[in-house]
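Welcome! Here is a short briefing to read alongside the sequence and the 3D view. Take a look at the structure first, then work through the topics one by one.

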Amino acid sequence: DFVGNNTTFEDLFFFINGEINKKGYVNRDFLGNLGHSIVKEKNQRIYIEKGNDTKLSDVEAFTFEPHISLPNSVYGFKKENIYSLVNGKLVEL
């Protein structure tokens with residue numbers, strides 16, 4: 001429900017990190033991001049990260065792949081899903 005046509009990559013970054021923290025987990029991604037745009041060339045990716053004001057609706061598709069763990073744990077969890085916005089609604093591909 002949070003994501004719509006005007007949601008930016010940064011908006012999603014802050015919202016999801018807030019949810020991760022509220023649930024008692026920490027973001028363990030080595031770059032700190034939560035996913036990226038789907039593109040043909042890796043160097044053209046844009047990330048779900050602080051400072052990225054690109055709208056999710058400006059890309060064809062993007063991954064959502066938070067890497068989380070409990071604080072002080074040596075193990076974490078990461079699941080990758082691919083999404084697109086269709087008529088302003090988030091759709092898992």
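Is glutamate 19 buried, exposed or partly exposed? Glutamate 19 is partly exposed, and its relative accessible area is 24%. Please keep in mind that this is a predicted model. The briefing covers salt bridges, aromatic rings and a pocket.

**Salt bridges**

- Side chains of opposite charge can pair when their charged atoms come close.
- In this structure there are 3 salt bridges.
- One of them joins glutamate 19 to lysine 22, with 2.9 Å between the closest N and O atoms.
- Both partners sit in helix H1, and because they are 3 residues apart there, about one helical turn separates them.
- Lysine 22 has a relative accessibility of 65%, so this residue counts as exposed, while its partner glutamate 19 is partly exposed.

**A network around lysine 78**

- Asp29, Glu65 and Lys78 are linked in a network of salt bridges.
- In the pair of aspartate 29 and lysine 78, the closest N and O atoms are 3.9 Å apart.
- Aspartate 29 is found in the loop between strand E1 (26-27) and E2, and lysine 78 in strand E4 (residues 77-78), so this salt bridge ties together parts that are 49 residues apart in sequence.
- Lysine 78 also forms a salt bridge with glutamate 65, where the closest N and O atoms are 3.6 Å apart.
- Glutamate 65 belongs to the loop between E2 and strand E3 (67-69), so its pairing with lysine 78 in strand E4 ties together parts that are 13 residues apart in sequence.
- How accessible are the members of this network? Aspartate 29 counts as buried at 11% relative accessibility, glutamate 65 is buried with a relative accessible area of 11%, and lysine 78 is partly exposed with 43%.

**Aromatic rings**

- A pair of aromatic rings is described by the distance of the centres and the angle of the planes.
- Searching the whole structure turns up 4 aromatic pairs.
- In the pair of phenylalanine 13 and phenylalanine 14, the ring centres are 5.2 Å apart and the planes are at 75 degrees, so the pair is edge-to-face; the cut-off for that label is an angle over 60 degrees.
- Phenylalanine 13 has 12% relative accessibility and counts as buried, whereas phenylalanine 14 is partly exposed at 44%.
- One aromatic cluster is made up of Phe9, Phe62 and Tyr83.

**The largest pocket**

- What is the volume of the largest pocket? The volume of the largest pocket is about 230 Å³.
- Helix H1 (9-22), strand E2 (62-64) and strand E6 (89-92) are the elements that give two or more residues to its lining.
- H1 gives the most to this lining, with 3 residues.
- By type, the lining residues of the largest pocket divide into 9 nonpolar, 1 polar and 2 charged.
- Residues that line the largest pocket include Asp1, Leu12, Ile16, Phe64, Gly88 and Lys89.
- Phe62 and Tyr83 are also among the lining residues, and these two belong to the aromatic cluster with Phe9.

Definitions and conventions: Residues are numbered from 1 along each chain as its sequence is written. This is a predicted model: local features need pLDDT of at least 70, side-chain atom pairs count only at pLDDT 80 or more; totals for chains, interfaces and linings use all residues. Side-chain values use heavy atoms; hydrogens and water are left out. Rings of Phe, Tyr and Trp (its six-membered ring) pair if their centres lie within 6.5 Å; planes under 30 degrees apart count as stacked, over 60 as edge-to-face and the rest as tilted. Buried means under 20% relative accessible area, exposed over 50%, partly exposed in between (1.4 Å probe, protein chains only). On a 1 Å grid over the protein atoms alone, a cavity is a set of points where a 1.4 Å probe fits but cannot get out, and a pocket is an open set with protein on both sides within 12 Å along at least five of seven lines; lining residues have an atom within 4 Å of a point. Grid points are joined across faces, edges and corners, and a volume is the space filled by probe spheres set on the points. Helices (H or I, at least four residues) and strands (E, at least two) are DSSP runs, numbered from the N terminus. Ala, Val, Leu, Ile, Met, Phe, Trp, Tyr, Cys and Pro count as nonpolar, Asp, Glu, Lys and Arg as charged, and the others, Gly among them, as polar. A salt bridge is a side-chain nitrogen of Lys or Arg within 4 Å of a carboxyl oxygen of Asp or Glu.
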